[in-house]
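Me: Please take a close look at a single strand in the structure shown here, and describe its setting and its two ends in one connected account.

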Amino acid sequence: MKTIKGAALFLAQFIDDTPPFNTLENITQWASSVGFKGVQMPTWDKRIFDLERAANDLEYCQYVQSTLEKAGLTLTELSTHLQGQLVAVHPAYDQMFDGFAPEFVHNNPERRQSWAVEQLMLAAKASKNLGLTAHATFSGALLWPFIYPWPQRPQGLVETGFEELAARWRPILDAFDQSGVDVCYEIHPGEDLHDGITFEMFLAAVDNHPRCNILFDPSHFLLQQLDYLNFIDRYHDRIKLFHVKDAEFNPTGQQGVYGGYQSWTERAGRFRSLGDGQVDFNGIFSKLTQYNFSGWAVVEWECCLKHPEDGAKEGVKFVEEHIIRVTEKAFDDFADSSVDQNANRRILGL
């Protein structure tokens, strides 16, 4: 067994124009001062990270690494959540998702998708240049508008959707394979990969590609009322990344999983800071340790109530208290009688 590394912080929710969240130097010094040992890096905000430079400029990669080292931090992974989303977008979401891409591709879905694929290809190169072995992203979604089948879905619609999604991702997976990096899809509502079954469907469509893996975030499973501990039992060999994020689900006679179009504070299911929700993290850390998960426990702060800086500070302590330092010996070693094979045969009456 291996001891999970941590705590690390996903920086996406903290970047801001205000110090200390406005530059790579400032935000990493702040993260270190709070107690984090690593950071997961979003790649769409040049205030702290330039993806194209990282893919093509080794000196820039050295600058990034040295900046983190000065702060006493490790770069855990890069993230292309926003760009991955744009690899596959149903037309119903075109206008809303244009905001994830630069203005020169707005109102042009084909060009926006090409830009997104280029971004993923750059991320594969950048990850290799930075010595990383895993990458965080979203799958995008062609089928999400049809998740609840009314009117009835036409026969073959789902199969066609996954065939197209796989066709778009296969070259990207191959590029990451050439770079020696796992692509880890965050299993997330709004994505075509939103539970175990849909991940299996996609995995089959890409011929069980070895780089097709999972970013495990239990908050999204709790809000779907999915058994996230059994999910680990089933898919532990594909879980390469871990977001430590809490949530709560309190259904009423007025609303349930779908939330009644309410704001985050008014939904039955909502994200909470670590320790304030209902996720069984004792069970999760135990399961991941049992199955030799060797990655980082990455705090992703998303809470509709608590201030992010408080969530980050509390998150460090929460993760440290849940990481299990694995044992190197069995608890009953004291009773080992060191019996040899001949003695074993005698005990069995052989």
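Me: The strand I have in mind is β5 (residues 182–186); which strands pair with β5, and is β5 enclosed or open?

Reply: The model is a predicted one, and what follows should be read with that in mind. Strand β5 belongs to a barrel that eight strands close in the order β1-β2-β3-β4-β5-β6-β7-β10, with parallel pairing. From one strand to the next, the twist averages 30 degrees. Elsewhere in the barrel, β7 (residues 239–244) pairs with β10 (residues 296–299) in the parallel sense over three bridges, and Val244 has Val299 as its bridge partner in β10.

On one side, β5 runs parallel to β4 and is joined to it by four bridges, with Val183 of β5 standing opposite His135. To get from β4 to β5 the chain passes through α7, in a β-α-β crossover that is right-handed. That helix, α7 (residues 157–179), lies across β4 (134–137), β5 and β6 (212–216), and it runs at about 135 degrees to β5.

Four bridges also join β5 to β6, again in parallel, and here Cys184 stands opposite Asn213 in β6. The chain goes from β5 to β6 by way of helix α8 (residues 196–205), and this β-α-β crossover is right-handed as well.

As for enclosure, five of the five residues of β5 are buried, so the strand is largely enclosed by the rest of the structure. Both of its faces are covered, with Asp182, Cys184 and Glu186 buried on one side and Val183 and Tyr185 buried on the other.

Asp182 lies in β5 and has a relative accessible area of 12%, so it counts as buried, the cut-off being under 20%. Its side chain makes a polar contact of 3.0 Å with the side chain of Arg211 and another, of 3.3 Å, with that of Asn213. Beyond its neighbours within four places in sequence, Asp182 is in contact with Thr133, Ala134, His135, Pro210, Arg211, Asn213 and Lys240.

Glu186, also in β5, is buried with a relative accessible area of 2%. Residues up to four places away in sequence aside, Glu186 touches a set of residues including His81, Thr137, Phe138, Glu191, Leu215, Asp217, His220, His243 and Glu300. Glu186 and Phe216 are 30 residues apart in sequence, while their C-alpha atoms are 6.3 Å apart in space.

Methods. Residues are numbered from 1 along each chain as its sequence is written. This is a predicted model: local features need pLDDT of at least 70, side-chain atom pairs count only at pLDDT 80 or more; totals for chains, interfaces and linings use all residues. Side-chain values use heavy atoms; hydrogens and water are left out. Helices (H or I, at least four residues) and strands (E, at least two) are DSSP runs, numbered from the N terminus. Buried means under 20% relative accessible area, exposed over 50%, partly exposed in between (1.4 Å probe, protein chains only). A polar contact is a pair of N or O atoms within 3.5 Å; within protein, one must be able to donate a hydrogen and the other to accept it, and residues adjacent in sequence count only if both atoms are side-chain atoms. Contact means heavy atoms within 4.5 Å. Two strands pair if DSSP finds at least two bridges between them. Axes are lines fitted to C-alpha atoms, for helices over the stretch in contact, and angles run from 0 to 180 degrees between N-to-C directions. A crossover is right-handed if, with the strands pointing away from the viewer, the path from the first strand over the helix to the second runs clockwise.
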